[in-house]
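Let's take a walk through this structure together, a few helices at a time. Keep the 3D view open as you read.

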Amino acid sequence: MIEQAYVQADDKTAPTLKEIRDRISTAVDATEGTALERLKCWLQMPVDSTFAKMVDSDCQVRAKRVGGLLSPGAGGLYDPSDLSVGIGVPAKWTAIDKAVKAERAVYVNGSTGHVGGAQSKFNNERNAGFHVIVFLAVGKESDGRGYYLGLDPDVSATTEARAAWKALVAGDTETKPQDFTAAKSLEVVKTMLLGSAEGGFGPLVRKYYVDTSKAFPKIIRA
C-alpha cells in the first residue's frame, strides 16, 4: 500500500493548498442534482449504515467525473498510461507532475490494496480488483521527500473517514437518508473533503508518498 498521511497546514504544494481547497469548494457548490445525487457524485458510501442502498463499486466512473470537475486546466482530467507497466515509469510521473501543476487532476488506477485506504471495504486477502483515486497536487516535505495530494472518495477508506462520516450523519439523517436537505448534503460533502478547520482538509484528501522509480503492482482481476 502507498504510505499515506494527512495534510498539515504548513505543507507546500503545487498548486497550493488554498488553490486546491478553492477548486474543490467551487466544484462541490456547482454540482447539479438532488441532495443524494450530490452525495453519490462525490462520496463512495460506507456499507455499515442505511446509506448502504447507495453503495456501489463505481470508483472508476466517480473518479472520472470528480476528476473532470476538478480539472480547470487545458486538456481536463489527465489519464496517464498504465502505471503497472514498468517501461518508462519515471517519465510517467514527470508527466503527472506537469499535469497537476497545470490544474489538471490525474486519474490514478491501481490495485485495491495499493492505492486504497487501510480500512477500505474493498480490501481483500488476494488484493484482487482495482481502485481509482485522483491526484490534485505535488508536494515535498522539508526533508526532500516527495508526495502527491490525492482525493479518495471512499468513505470507508480510513478510521478517521469512518468516524467523520458517523459524526456527520448521526441521528435522523443516518436512519432516513431521504430526509437529507440540500444544505445538509453540501455540509457533509465539504466536511469530508475540506474538513471543519479553516485552511485544512477532510479525511478523504490525503498525502500519498509514491515510489516514482517503480511500477505499481499488477492488478489482479477478480
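Before looking at how two helices pack, it helps to know that a helix axis here is a line fitted to C-alpha atoms over the stretch in contact, and that angles run from 0 to 180 degrees between N-to-C directions. One more thing to keep in mind: this is a predicted model.

Start with helix α2 (residues 35-42) and helix α3 (residues 59-69), whose axes are 8 Å apart and which pack at an angle of about 100°. Angles of 65 to 115 degrees count as roughly perpendicular, so that is how α2 and α3 sit relative to each other. On the α2 side, Lys-40, Cys-41 and Trp-42 make the contact, and they meet Arg-62, Arg-65, Val-66 and Leu-69 of α3.

Now hop over to helix α6, which covers residues 159-169. Its buried residues include Ala-161, Trp-165, Leu-168 and Val-169. These four span an arc of only 80° around the axis, so they end up on the same side of α6. Flip to the other side of α6 and you'll find Thr-159 and Ala-167, which are exposed. And what covers the buried residues? Among the elements doing so are β1 (3-6), α7 (172-175) and α8 (182-194). Just after α6 comes Gly-171, with a positive phi of about 95°.

Last stop: Arg-23, in helix α1 (residues 17-29). Arg-23 is buried but has no salt bridge. Its nearest side chain of opposite charge is Glu-103, 4.1 Å away, while a salt bridge has to be within 4 Å. Neighbours within four places in sequence aside, Arg-23 touches Pro-15, Leu-70, Pro-72, Leu-136 and that Glu-103.

Conventions
Residues are numbered from 1 along each chain as its sequence is written. This is a predicted model: local features need pLDDT of at least 70, side-chain atom pairs count only at pLDDT 80 or more; totals for chains, interfaces and linings use all residues. Side-chain values use heavy atoms; hydrogens and water are left out. Helices (H or I, at least four residues) and strands (E, at least two) are DSSP runs, numbered from the N terminus. Buried means under 20% relative accessible area, exposed over 50%, partly exposed in between (1.4 Å probe, protein chains only). Lys and Arg count as positive and Asp and Glu as negative; His and the chain ends are not counted. Contact means heavy atoms within 4.5 Å. The arc is that of the directions from the helix axis to the C-beta atoms. Angles under 35 degrees count as roughly parallel, over 145 as roughly antiparallel, 65 to 115 as roughly perpendicular and the rest as oblique.
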